[in-house]
Amino acid sequence: MTQRIDDYALIGDLQTAALVGRDGSIDWLCLPRFDSGACFAALLGDEENGHWRIAPKGATTCTTRGYAGDSLVLETYWETRGGTVKVIDFMPQRDAAPDVMRIVEGVSGSVEVESVLRLRFDYGSVVPWVRRSDGHRVAVAGPDSAWLRSEPPVKTWGQQFSTCSSFTVDAGEKVAFVLTWHPSHHPRPPLIDPYTALDECLTDWRDWAARCAYQGPYREAVLRSLITLKALTYAPTGGIVAAPTTSLPEELGGVRNWDYRSCWLRDSTLTLGALLSAGYVDEAAAWRDWLLRAVAGDPADLQIMYGPGGERRLPEMELPWLRGHADSAPVRIGNAAVDQFQLDVYGEVMDSLFMAREAGIPPVDHAWNLQLSLLGFLESTWRDPDEGLWEVRGPRRQFVHSKVLAWVAADRAVRTLEADPSLRGDPARWRAMRDEIHADVCAKGYDPERNTFTQSYGSRELDAATLLIPRFGFLPPHDPRVVGTVDAVRKELTHDGFVRRYSTEGESVDGLPGGEGTFLVCSFWMADALRMTGRKEEARELFERLLTLRNDVGLLAEEYDPASGRQLGNFPQAFSHIGLVGTALALPWEEAAG
């Protein structure tokens with residue numbers, strides 16, 4: 001039976017990540033990077049597209065599971081008639097090659113356990129050749145090679161292009177499986193002791209979690225979200241992917257299935273703010289540095305997203321051999337939105353670099369010259385229509401959020417120059433640009449009859465992104481136009497109290513058929529907007545409702561469907577967890593405590 005999106009837990013090594021279901025099966029893993037081809041792709045197809053299941057014989061769903069303290073080490077318990085076993089799943093931070101380690105530990109009684117490993121490289125399409133070597137099972141197909149071993153060795157055989165194992169564990173006994181990937185033209189990497197790796201992994205995560213500065217009433221939820229953001233970080237560069245998955249549907253059976261294994265500039269300001277507020281300055285500085293490297297070059301070539309290493313080419317294609325999660329096709333890799341023009345990213349970059357400077361992160365010598373170059377380009381293009389924050393695949397429009405972020409770019413330039421007059425630049429020039437954009441938005445993006453900002457100039461449609469207007473400082477929170485916008489979005493874009501990005505009914509702005517769930521980060525934005533407009537108790541109530549949507553291990557996808565009670569979209573989603581952290585840290589503790 002297909003697992004629900006929210007049935008999965010996350011493990012990872014800060015370069016890639018795997019999803020582990022309640023049934024004990026790893027159904028998604030890309031090696032060696034987040035954006036590499038998947039060797040386990042059952043998440044988007046079936047078992048024949050690759051998975052690795054370890055569970056007691058005859059068992060279907062685990063009894064309980066959770067992370068070991070403040071870590072990314074997953075502990076899954078199975079209670080059977082014969083006894084209880086625990087499976088510990090983790091990926092140690094790698095020295096050279098990525099490893100998936102699964103330790104089966106007897107807790108009580110005696111339990112027969114089975115392992116079925118189906119490696120299918122290149123997104124579930126390539127069956128490798130498997131042979132024995134030095135006590136290992138070695139799978140090779142083209143550029144990929146994977147080595148499986150167990151300690152102690154257990155009965156293992158090949159069956160229907162799978163590697164199967166069967167063994168019994170009594171109380172106190174342990175069997176460890178290690179799966180190691182490496183390029184097939186390289187020699188086997190050095191063996192790593194799984195128990196030493198487990199101790200080191202737990203210590204690393206506990207030390208990292210101890211740096212969290214937040215001590216408020218929502219610390220557990222905040223820390224789990226921060227651990228998730230850390231897990232989505234590509235350690236070699238500091239880039240943070242939006243999610244470790246591709247094509248998990250925004251509507252079951254629908255076509256809104258996209259690849260999120262890249263780093264979006266739209267996330268930059270909120271990501272930086274969350275990391276800094278929680279005390280993770282090193283991670284914030286690494287994200288700032290990734291941002292500077294990624295956007296370097298001609299401002300006209302600025303992209304909305306980049307690969308984890310800063311790669312620019314992310315061509316989109318469909319994988320017809322995968323039926324899609326819950327039969328939601330097509331499955332896509334790459335993202336054609338990379339070629340879109342979005343004005344908001346210029347404001348996001350300027351705001352992020354302004355925030356980093358304000359936080360005391362040492363500035364990079366060339367950064368200000370780069371910012372001036374971006375501003376110069378924006379000065380001549382801010383009046384143009386674009387595809388907007390939500391990457392619509394319909395016609396370009398004069399999106400209000402895009403214009404507000406163009407204002408943010410000019411505003412942060414003015415404020416930077418006012419704070420440091422030694423920097424090169426003409427504050428009067430950017431002040432004039434800021435004032436012109438502000439007047440333009442207020443005149444053309446505001447509907448006085450309904451007392452709300454709209455999605456685009458001349459439109460009656462609303463957009464949840466306008467909830468960010470007070471957060472960016474475009475207008476003060478208690479301005480009647482801000483309060484009216486919050487009320488209008490709440491009235492027209494909510495479903496059971498949760499917020500949709502925009503309306504997908506009728507002729508949708510995004511040019512796509514079907515609908516989608518409520519957007520979780522937009523719901524966190526609503527909580528922020530309620531707090532900023534003085535409705536703190538309502539903000540707290542909405543936030544605590546959002547916390548109940550997390551799955552059993554504290555993870556959130558991109559969207560939530562109130563009708564079915566299911567999470568939708570790519571999982572886990574950085575934007576959702578960033579929203580959780582930002583809202584929690586902004587809520588006054590006395591109100592939060594009730």
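Trp-390, Phe-519, Trp-525 and Phe-575 come together as one aromatic cluster in this predicted model. Two of these names are worth keeping in mind: Trp-525 belongs to helix α11 and Phe-575 to helix α13, and both take part in the contact of these helices.

So let us turn to that pair of helices. Two packed helices are described by the angle between their axes and the distance between the axes. Helix α11 covers residues 520-532 and helix α13 covers residues 574-586; their axes come within 8 Å and cross at roughly 15 degrees. Because angles under 35 degrees count as roughly parallel, α11 is roughly parallel to α13. The crossing in which α11 passes α13 is left-handed.

Which residues in α11 meet α13? They are Leu-520, Val-521, Phe-524, Trp-525, Ala-527, Asp-528 and Arg-531. On the α13 side, the partners are Phe-575, Ser-576, Gly-579, Leu-580, Thr-583 and Ala-586. Sorted by character, the residues of this contact are eight nonpolar, three polar and two charged.

Now back to aromatic rings. Across the whole structure, a search finds 16 aromatic pairs. One of them joins Tyr-218 and Phe-543, whose ring centres are 4.8 Å apart; their planes stand at 70 degrees, so the pair is edge-to-face. Where do these two residues lie? Tyr-218 sits in the loop between α2 (194-209) and α3 (219-231), while Phe-543 is in helix α12 (residues 536-547), so the pair ties together parts that are 325 residues apart in sequence. Are they buried or exposed? Both Tyr-218 and Phe-543 are buried.

Conventions
Residues are numbered from 1 along each chain as its sequence is written. This is a predicted model: local features need pLDDT of at least 70, side-chain atom pairs count only at pLDDT 80 or more; totals for chains, interfaces and linings use all residues. Side-chain values use heavy atoms; hydrogens and water are left out. Axes are lines fitted to C-alpha atoms, for helices over the stretch in contact, and angles run from 0 to 180 degrees between N-to-C directions. Helices (H or I, at least four residues) and strands (E, at least two) are DSSP runs, numbered from the N terminus. Angles under 35 degrees count as roughly parallel, over 145 as roughly antiparallel, 65 to 115 as roughly perpendicular and the rest as oblique. A crossing is left-handed if the near helix is turned anticlockwise from the far one by less than a right angle, and right-handed if clockwise. Contact means heavy atoms within 4.5 Å. Ala, Val, Leu, Ile, Met, Phe, Trp, Tyr, Cys and Pro count as nonpolar, Asp, Glu, Lys and Arg as charged, and the others, Gly among them, as polar. Rings of Phe, Tyr and Trp (its six-membered ring) pair if their centres lie within 6.5 Å; planes under 30 degrees apart count as stacked, over 60 as edge-to-face and the rest as tilted. Buried means under 20% relative accessible area, exposed over 50%, partly exposed in between (1.4 Å probe, protein chains only).
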